[in-house]
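This report goes through one protein model, from a few chosen side chains to the fold as a whole. The sequence and the structure come first.

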Amino acid sequence: NERARLQAFLIATDGSGMRQLTRPQDDVTAAVLSGDGRVAYVATRANQLLRIQVSDGRVEELIPPTPALDQHAIYG
């Protein structure tokens with residue numbers, strides 16, 4: 001039973017123009033829009049950091065998928 005992958009969307013303040021910024025394979029844990037609204041920075045469950053151009057959806061991988069130690073798995 002695979003859970004759905006979370007995605008980041010952009011939407012106007014009046015509720016119009018909703019569009020998905022992230023790719024289907026991304027699983028978003030956090031996202032923030034730059035102050036000028038031109039770039040979104042997205043963190044994924046794979047400990048990856050993406051820079052997404054809002055105008056054309058171009059994705060740049062700033063940090064590739066990175067294994068992380070889960071402290072709860074060791075001490076849980």
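## Salt bridges at the surface

D36 has a relative accessible area of 53%, so this residue is exposed. The model is a predicted one. The side chain of D36 forms a salt bridge with that of R38, with 4.0 Å from N to O. R38 counts as exposed because its relative accessibility is 59%. Both partners are therefore exposed, each lying over the 50% cut-off.

A second bridge of this kind links the side chains of D56 and R58, at 3.7 Å from N to O. Over the whole structure, the search returns five salt bridges.

## The surroundings of D26

A further salt bridge joins the side chains of R23 and D26, with an N to O distance of 3.0 Å. Here the two partners fall into separate classes of exposure. R23 has 27% relative accessibility and so counts as partly exposed, while D26 is buried because its relative accessible area is 2%, under the 20% cut-off. R23 also meets D26 through its backbone: the backbone nitrogen of R23 is 2.8 Å from a polar atom of the D26 side chain. The side chain of D26 thus takes part in a salt bridge with the R23 side chain and in a polar contact with the R23 backbone.

D26 belongs to the loop that connects β2 (19–20) with β3 (28–33). Beyond its neighbours within four places in sequence, D26 contacts R5, L6, Q7, T44, Q48 and L50.

## T44 in strand β4

T44, one of the residues in contact with D26, is placed in strand β4. Its relative accessibility is 5%, so T44 counts as buried. With residues up to four places away in sequence set aside, T44 touches D26, D27, V28, T29 and L50. L50 is thus in contact with T44 and also with D26.

## The β3–β4 hairpin and a nonpolar patch

Strand β4 covers residues 39–44 and runs antiparallel to β3, to which five bridges join it. Five residues lie between the two strands of this hairpin, and G37 has a positive phi near 75° there.

V32 is part of strand β3 and has Y41 of β4 opposite. These two residues, together with L62 and I63, make up a nonpolar patch on the surface, and the accessible area of the four together is about 330 Å².

## Loops after β4 and β6

N47 sits in the loop between β4 and β5 (49–53). This residue is not a glycine, yet its phi is positive, near 60°. With 38% relative accessibility, N47 counts as partly exposed, because the value falls between the 20% and 50% cut-offs.

P65 occupies the loop between β6 (59–63) and α1 (71–75). Its relative accessibility is 48%, so P65 counts as partly exposed. Not counting residues up to four places away in sequence, P65 touches A46 and Q48. The C-alpha atoms of P65 and R45 are 8.6 Å apart, and 20 residues separate these two along the chain. Q48, touched by P65, is also among the contacts of D26.

## The protein as a whole

How many helices and strands does the protein have? There are one helix and six strands, and along the sequence they follow the order β-β-β-β-β-β-α.

The protein has 76 residues, of which 21% are buried; D26, with 2% relative accessibility, and T44, with 5%, are among them. The exposed area comes to about 5600 Å², and 54% of this is supplied by carbon and sulfur atoms. Of the contacts between residues at least 6 apart in sequence, 11% join residues at least 24 apart.

Definitions and conventions
Residues numbered from 1 in each chain as written. Predicted model: local features only at pLDDT ≥ 70, side-chain atom pairs only at ≥ 80, totals over all residues. Heavy atoms only, no water. Helix = DSSP H or I, 4+ residues; strand = E, 2+ residues; numbered from the N terminus. Buried < 20%, exposed > 50% of the residue type's maximum accessible area, 1.4 Å probe, protein only. Polar contact = N/O pair within 3.5 Å; in protein donor to acceptor, adjacent residues only side chain to side chain. Contact = heavy atoms within 4.5 Å. Patch = residues over 30% accessible without salt bridge, like charges linked within 9 Å, V, L, I, M, F, W, Y side chains within 5 Å. Areas by Shrake-Rupley, 256 points an atom, 1.4 Å probe, with all protein chains shown as cover. Pairing = 2+ DSSP bridges.
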